[in-house]
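Thank you all for coming. I would like to take you through one structure this morning, and I will go slowly for those who have not met it before.

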Amino acid sequence: IALIVNKIDDGYPDFGFDELRKSFPHIYPQPLFISAKTLENFDDLEKTVRKLIPQISKDIFETTRNKKWLAAKEELENRKKENHITLSTYHEICHRHGLSERDATVWLHMLNRIGGLIYFGEDSNLANWVILNPEWVREAMYKVIDSPLLEDGVMRASMFTSIWLGDSEKVNYSEDEREIFIALMLAYKLCYPQLNP
């Protein structure tokens, strides 16, 4: 993972990179500071990208995808407005397009890795959910982070219902969806359970 910081013509932000690396050890050893306006440091960016590309898992580039994979992917993309489906529904879609269970599982992890969807199979609270719309999750997370209900960074379970109740766009999250969001916030380490309330 390379962290690229743009707009250095406006100054160099201090965002605690050393602390960030403790949580995300796969980040490249130093951030890359660039300016898309003046093209400053673009040579360094190109050198770093050329250095990092060979380190990417070869299966992303070398594994062949047949029309069955693409048809399943297209159906998943067409269902993006649903925001999420169950794991069994995902497997039904893949089966309908002729993918074996093994291929469907490989494809699920591949789509998760490249950001086409979100799947936390190792998390018992999320293993049954396939998030088709990562943007939907991002918006829900921002609602929490930007909420005036936060009290010195502490949230109570009762606050989540108010935060995710809906907005002017008539977005209303179900109880199951609110549970997904809380589990995702824990999985992404955007929040932590309070052990001694």
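I will talk about how three helices pack against one another, and then about a pocket. Please keep in mind throughout that this is a predicted model.

Let me begin with a general remark, which is that two packed helices are described by the angle between their axes and the distance between the axes. With that in hand, take helix α4, residues 67–78, and helix α5, residues 87–96, which pack at an angle of about 135° with their axes 8 Å apart. That angle makes α4 oblique to α5, and the crossing of the two is right-handed. On the α4 side the contact is made by Ala72, Glu75 and Leu76, while α5 brings Tyr90, Ile93, Cys94 and Arg96. Sorted by class, the residues of this contact are five nonpolar and two charged, with no polar ones.

Now keep α4 in view and turn to helix α6, residues 101–114, which packs with α4 at an angle of about 55°, the axes being 12 Å apart. These two helices are therefore oblique to each other, and α4 passes α6 in a right-handed crossing. Here Trp69, Ala72, Lys73 and Leu76 of α4 meet Asp103, Val106, Trp107 and Leu111 of α6. The classes in this contact are six nonpolar, no polar and two charged residues. You may recall Ala72 and Leu76 of α4 from a moment ago, since they were named in the contact with α5 and are named again in the contact with α6.

The remaining pairing is that of α5 with α6, where the helices pack at an angle of about 115° and their axes are 10 Å apart; this crossing, too, is right-handed. From α5, the residues Leu87, Tyr90, His91 and Cys94 meet Glu101, Ala104, Thr105, Trp107 and Leu108 of α6. By class, this contact divides into six nonpolar, two polar and one charged residues.

Let me now move to the largest pocket, whose volume is about 470 Å³. Which residues lie nearest its centre? They are Met155, Phe160, Cys191, Tyr192 and Pro193, out of 17 residues that line the pocket. Helices α7 (134–145), α8 (157–163) and α9 (175–187) each supply at least two residues of that lining, and α9 gives the most, with three. Taken by class, the lining has 14 nonpolar residues, two polar residues and one charged residue.

Definitions and conventions. Residues are numbered from 1 along each chain as its sequence is written. This is a predicted model: local features need pLDDT of at least 70, side-chain atom pairs count only at pLDDT 80 or more; totals for chains, interfaces and linings use all residues. Side-chain values use heavy atoms; hydrogens and water are left out. Axes are lines fitted to C-alpha atoms, for helices over the stretch in contact, and angles run from 0 to 180 degrees between N-to-C directions. Helices (H or I, at least four residues) and strands (E, at least two) are DSSP runs, numbered from the N terminus. Angles under 35 degrees count as roughly parallel, over 145 as roughly antiparallel, 65 to 115 as roughly perpendicular and the rest as oblique. A crossing is left-handed if the near helix is turned anticlockwise from the far one by less than a right angle, and right-handed if clockwise. Contact means heavy atoms within 4.5 Å. Ala, Val, Leu, Ile, Met, Phe, Trp, Tyr, Cys and Pro count as nonpolar, Asp, Glu, Lys and Arg as charged, and the others, Gly among them, as polar. On a 1 Å grid over the protein atoms alone, a cavity is a set of points where a 1.4 Å probe fits but cannot get out, and a pocket is an open set with protein on both sides within 12 Å along at least five of seven lines; lining residues have an atom within 4 Å of a point. Grid points are joined across faces, edges and corners, and a volume is the space filled by probe spheres set on the points.
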